[in-house]
Structures are given as C-alpha cells and as structure tokens.
Amino acid sequence: MKPFAYVRPASLPEAIAAHGGRPGARYLGGGTNLVDLMKLGVERPDTLVDLTRLPLGTVEETADGGLRIGSGVRNSDLAAHPLVRSRYPVIAQALLAGASGQLRNTATTGGNLLQRTRCPYFQDVAKPCNKREPGSGCGARDGVHRDHAVLGHSPQCIATHPSDLAVALAALDAAVELQGPGGSRTVPATDFHRLPGEHPEQDTLAEPGEIITAVLLPPDAAGLPARYRKARDRASYAFALASVAAVLDLGEGRVRRVALAFGGLAHRPWRATTAEELLVGRAPTEDAVQQAVEAELALAQPLRDNAYKVALARNLACEALNTLARGPRP
Ligand code: SF4
C-alpha cells in the first residue's frame, strides 16, 4: 500500500482546509469502502482526512417538521432511530437490506452515498476501466456485465450505483447538504449522483473538497405509505440486482402522490418520472400500475446478459405499488 498522511481534524473548517480540494486527499468516514479500495490499489490517496471526530453524528428535527441526519450517523443507528422508523420507515427498510450488521455498525450516512461501484473491472487494477482510469476503456461492456446497468448508461460506462439508502432518499425527495471551500449548499438527492456520460470517473455532483454534512428529509414525505423491495443473489450481504423504493399516497381512491425510484439499474438511483406522471390522478389498479411501470422500463437498453433485470424491476415495482395501494392489512 502507498504510504499516506492521516489527519483527524476537530472542526469542519479544519477538515476542509486539510483536504484543500487536492486530488490526492480523501475524506474518511467509516472506511468500509475506501479502505477496501486502498488495499486493492484502486484508491491511492496521499492524505486521509478522518471526519469521525466532527459533530456530524446526530439526527435532529428541523423547524419545518422534517429531519436532518448528520452525515456521520452510522447506518445501524439510523435504521434504529425512532423518528426514522416512525416517519420514514422506508429508510430503515433500505438500510437493513444492505451490507451486514457489522458493516452497518461502521458505515456512515455520508459514506453510504459516496461508496463506489462494485463493478469487478473497476476493482481490478489490471483491467481497463474508464471510471478508474479515464480513457482506458470499459472492460464490462463486452465482458461480464450481468450485474450492470440497463438504464442511462453510456458507451464509456455501464456501472450501477450500489447504495440502497440513496434509492430511498430519491423516492422521498430528500436533499444532500454539502460544505466545502466555496461554502455550503444543498442538492436534491435525485440529482446528487450522476449518469456516466463522457465522465464516468465523476460519481456525484460533489466538488473537490466538499463534505456531505447532512441529509435532509422533507416534512411532507413523513408518514406516507412507502416500501423498499430488493432482489439479490443471496438473502443478505449482497448488492441489488434490482431494487425499488415506492411512496404512494391515495385520496378518494386515486393517486394523490407517487414516487418510484429504482436501484441496481443505473449509475444513479433512477427516479421513474414517466411512471409517476401516468399514475397521478388515476385509480391505482393493477393494470394501471403495470402500464405505468412498463412505460418507464421501455426506456431500458439492456446489454447482452442483463435483460432479466427489466422483468425483475417490473415485478418488484408492481408488487411494491400494489401492496401500498391495498393499504395496511387489517
Ligand atoms: Fe469501469 Fe464503468 Fe466499465 Fe465497470 S462499467 S469497467 S466501472 S467503465
């Protein structure tokens, strides 16, 4: 492993200054992905800026009735938090569908959103990969790509984003709060992760040196019926082949509000706006749900070996929405 400097600042300004937006600097949260990538030689930082002593570890109610989740809150603590479980249970469902108990005890909210793709070509420095080494090619496109994207991919990259939490945040219209050398700003969670386009090396909209300080959950999504479903190769400790977060609010038998986000299908959580537009104002019959979901997935461009994902995602989304439409069991 390449030698690196390690600093543990006591304040946010110190952390931002220590990073300085330099290409060789990395922020360290739980380290459950970054340290693995360092061992593989994929990440070779010269400086690690440890954020774990910063005051980013609380969940607080906001003045407008939403929640502000500090980026240092551990995944296990977030999934167990009473306000999350009572108001935004889809967050807890998504978190508990990911990783293992040990990893969730260490991984942070901010780190969860910043984890890198698990594309095996990205993780193997002997293989071509435009995300790891721009211009080197994409080994997966004509290679092993059963787990890769069916939506929004580009000739440069067909990777998927691995976070379950990010999918739930997209469906809840959450926001990501960032602080960096240029000040602080918030970005809608649906926009935070990028599609690969010409620059697959950029996973997110975060600028060099910016820290995720918090995730903001809006008050109007609190208490709405919501559901997270995930299909994977094993019953636990596996990334999504396809997943879905669904929010469905009905009034007088019709859809007042619906949000649908897919995981495991694209380089970012895929907000299914076509399906949502088709469902709003309609009675959520099984036929209407299926038509809407199929209209969304008509946008898919499966590769040689991953067309199964389209049917998998359709079935997950229909099951989630139909279950929400039926309401709680008596
Ligand atoms: Fe790299 Fe993306 Fe191709 Fe995987 S899919 S090899 S991450 S460029």
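**Exercise 1. Work out how far apart the centres of domain 1 and domain 2 are, and where the two domains sit in the chain.**

Solution. Start with the distance: taken over C-alpha atoms, the centres of domain 1 and domain 2 are 36 Å apart. Now the bounds: domain 1 covers 5-52, and domain 2 covers 225-325. Keep in mind for this and every exercise below that you're working with a predicted model.

**Exercise 2. Check whether the length of helix 12 fits its number of residues, then find what its buried residues pack against.**

Solution. Step one: helix 12 takes in residues 308-326, which is 19 residues. At 1.5 Å a residue that should give a span of 27 Å, and the end C-alpha atoms are indeed 27 Å apart, so the two agree.

Step two: pick out the buried positions. They are Lys309, Ala313, Leu316, Ala317, Cys318, Ala320, Leu321, Asn322 and Leu324.

Step three: look at what they pack against. Three strands turn up, namely strand 9 (226-231), strand 10 (242-251) and strand 11 (254-263), along with helix 10 (273-279) and helix 11 (286-297).

Step four: go just past the end of helix 12, where glycine 327 has a positive phi of about 80°.

**Exercise 3. Decide whether lysine 230 is buried or exposed, and find the polar partners of its side chain.**

Solution. First, place the residue: lysine 230 is part of strand 9. Next, its relative accessibility is 13%, and since the cut-off for buried is under 20%, lysine 230 counts as buried.

Then follow the side chain of lysine 230. It gets to the backbone oxygen of alanine 97 at 2.7 Å, and it makes a polar contact with the side chain of aspartate 164 at 2.9 Å. Beyond four places in sequence, the contacts of lysine 230 also include Phe239, Ser243 and Leu316. Leu316 should ring a bell: it's one of the buried residues of helix 12.

**Exercise 4. Do the same for threonine 117: where is it, and what does its side chain reach?**

Solution. Threonine 117 sits in the loop between helix 7 (109-114) and helix 8 (165-171). With 6% relative accessibility, threonine 117 is classed as buried. Its side chain reaches two backbone atoms: the nitrogen of cysteine 119 at 3.2 Å and the oxygen of threonine 160 at 2.9 Å. Not counting residues up to four places away, threonine 117 touches Phe122, Gln123, Lys131, Ala159, Thr160 and Pro162.

**Exercise 5. Find out which parts of the chain are tied together by the salt bridges aspartate 173–arginine 271 and arginine 185–glutamate 210.**

Solution. Take the pair of aspartate 173 and arginine 271, whose side chains meet at 2.7 Å, N to O. Aspartate 173 is in the loop between helix 8 and strand 6 (175-180), while arginine 271 is in strand 12, so this bridge links parts 98 residues apart in sequence. Aspartate 173 is partly exposed at 40%, whereas arginine 271 is buried at 18%.

Now the other pair: arginine 185 and glutamate 210 meet at 2.8 Å, N to O. Arginine 185 belongs to strand 7 and glutamate 210 to the loop between helix 9 (189-192) and strand 8 (211-217), so here the parts are 25 residues apart. Arginine 185 is partly exposed at 32%, and glutamate 210 is buried at 13%.

To finish, zoom out: the structure has 21 salt bridges. Through shared partners, Arg26, Glu43, Arg116, Lys131 and Asp203 are joined into one network.

Technical notes. Residues are numbered from 1 along each chain as its sequence is written. This is a predicted model: local features need pLDDT of at least 70, side-chain atom pairs count only at pLDDT 80 or more; totals for chains, interfaces and linings use all residues. Side-chain values use heavy atoms; hydrogens and water are left out. Helices (H or I, at least four residues) and strands (E, at least two) are DSSP runs, numbered from the N terminus. The expected span of a helix is 1.5 Å times one less than its number of residues. Buried means under 20% relative accessible area, exposed over 50%, partly exposed in between (1.4 Å probe, protein chains only). Contact means heavy atoms within 4.5 Å. Domain bounds come from an automatic or database domain assignment. A polar contact is a pair of N or O atoms within 3.5 Å; within protein, one must be able to donate a hydrogen and the other to accept it, and residues adjacent in sequence count only if both atoms are side-chain atoms. A salt bridge is a side-chain nitrogen of Lys or Arg within 4 Å of a carboxyl oxygen of Asp or Glu.
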